[in-house]
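Got a protein in front of you and not sure where to start? Let's walk through this one piece by piece.

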Amino acid sequence: GKHKPDISELESQERAAEDAEKSIEAEYIRALRDLQDFQKLGERYEELQRQRKVISRESAGVVRLSRDLSGDNEKRVSFKSFVLGMYLSLVSAYASKRFSQMSDGRYRLSVRTETEDRRSQAGLELDVLDAATGIKRPVGTLSGGEKFMASISLALGLADAIQERSGGIELEAVFIDEGFGALDDQALDNAISI
């Protein structure tokens, strides 16, 4: 009751199985190569992660310094503003003496160290201390004649600061175009004599 198998059909199936085996073997070899490549990439990734951590630790101080210098600090003052603020403090100290003399001791200038608005930077704004009221306020609140005296005081304060820092440079003249018409007689006499 047995029947004879079809040899050609079996040979055909054997060839198909051999072809499938070769195809699977080639795919297996490709998969092994891919796995090795992925392992190398994984090792490279881990090495780069280690290097990144080292660089991150080493550069933390530089990054912090960069942020501080750019103004990303608690005072919100950049290094440039800090340096300019130092010069402005010097200029305003000289200007304050002149302004006090011109205003018969009523006004003095000072650099604002705190901002009213946390979004802006501090260190480059001027306030005026009014001896008559004892209140410090922005220079923008001065009257026209008072602003003119403050401007002259700042120009002369800048000249004084330049002469102090430059060793030997003397500024012997200041040209003023307008503004004296806003002063009363006493303020005009004070401004001209100073």
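Here is a short tour, from the overall layout down to single residues.

## The big picture

First things first: this is a predicted model. The protein has 4 helices and 3 strands. Start at the N terminus and you'll meet them in the order α-α-β-β-β-α-α.

How much of the protein is buried? Out of 194 residues, 24% are buried. Contacts also tell you how the chain folds back on itself: among contacts between residues at least 6 apart in sequence, 54% join residues at least 24 apart.

## A helix with a bend

Helix α1 covers residues 7–70. Follow it along and you'll find a bend of about 50° at Ser59. Just after α1 comes Gly71, which has a positive phi of about 100°.

## The nonpolar core

Now for the inside. In soluble globular proteins, nonpolar side chains tend to be buried together. Here, the largest nonpolar core has 15 residues. The ones with the most contacts inside this core are Phe99, Met102, Val128, Leu142, Met149, Ile152 and Leu183. Four elements, α2 (79–102), β1 (107–112), α3 and α4, each supply at least two residues of the core. The largest share belongs to α3, with 5 residues.

Take a closer look at Leu183. Leaving aside residues up to four places away in sequence, Leu183 touches Gly145, Phe148, Met149, Leu188 and Ala191.

## The second largest pocket

Next, look for the second largest pocket, with a volume of about 180 Å³. It is lined by 15 residues, and the closest to its centre are Met102, Glu146, Met149, Asp184 and Ala187. Two of those names should ring a bell: Met102 and Met149 are also among the residues with the most contacts inside the largest nonpolar core.

Which helices help build the lining? Both α3 (144–166) and α4 (185–193) supply at least two residues each. As for chemistry, the lining is a mix of 6 nonpolar, 5 polar and 4 charged residues.

## A glycine in a loop

Last stop: Gly140, in the loop between β3 (135–138) and α3. Is Gly140 buried or exposed? Gly140 counts as exposed because its relative accessibility is 53%, and the cut-off for exposed is over 50%.

Where does Gly140 sit relative to Asp127? The two are 13 residues apart in sequence, and their C-alpha atoms are 8.4 Å apart in space.

How values were computed
Residues numbered from 1 in each chain as written. Predicted model: local features only at pLDDT ≥ 70, side-chain atom pairs only at ≥ 80, totals over all residues. Heavy atoms only, no water. 1 Å grid on protein atoms, 1.4 Å probe; cavity = no way out; pocket = protein on both sides within 12 Å on 5 of 7 lines; lining within 4 Å. Points joined across faces, edges and corners; volume = space filled by probe spheres on them. Nonpolar A, V, L, I, M, F, W, Y, C, P; charged D, E, K, R; others polar. Bend = angle between axes of the 7 residues up to and from the residue. Core = buried A, V, L, I, M, F, W, Y, C linked by side-chain atoms within 4.5 Å. Buried < 20%, exposed > 50% of the residue type's maximum accessible area, 1.4 Å probe, protein only. Contact = heavy atoms within 4.5 Å.
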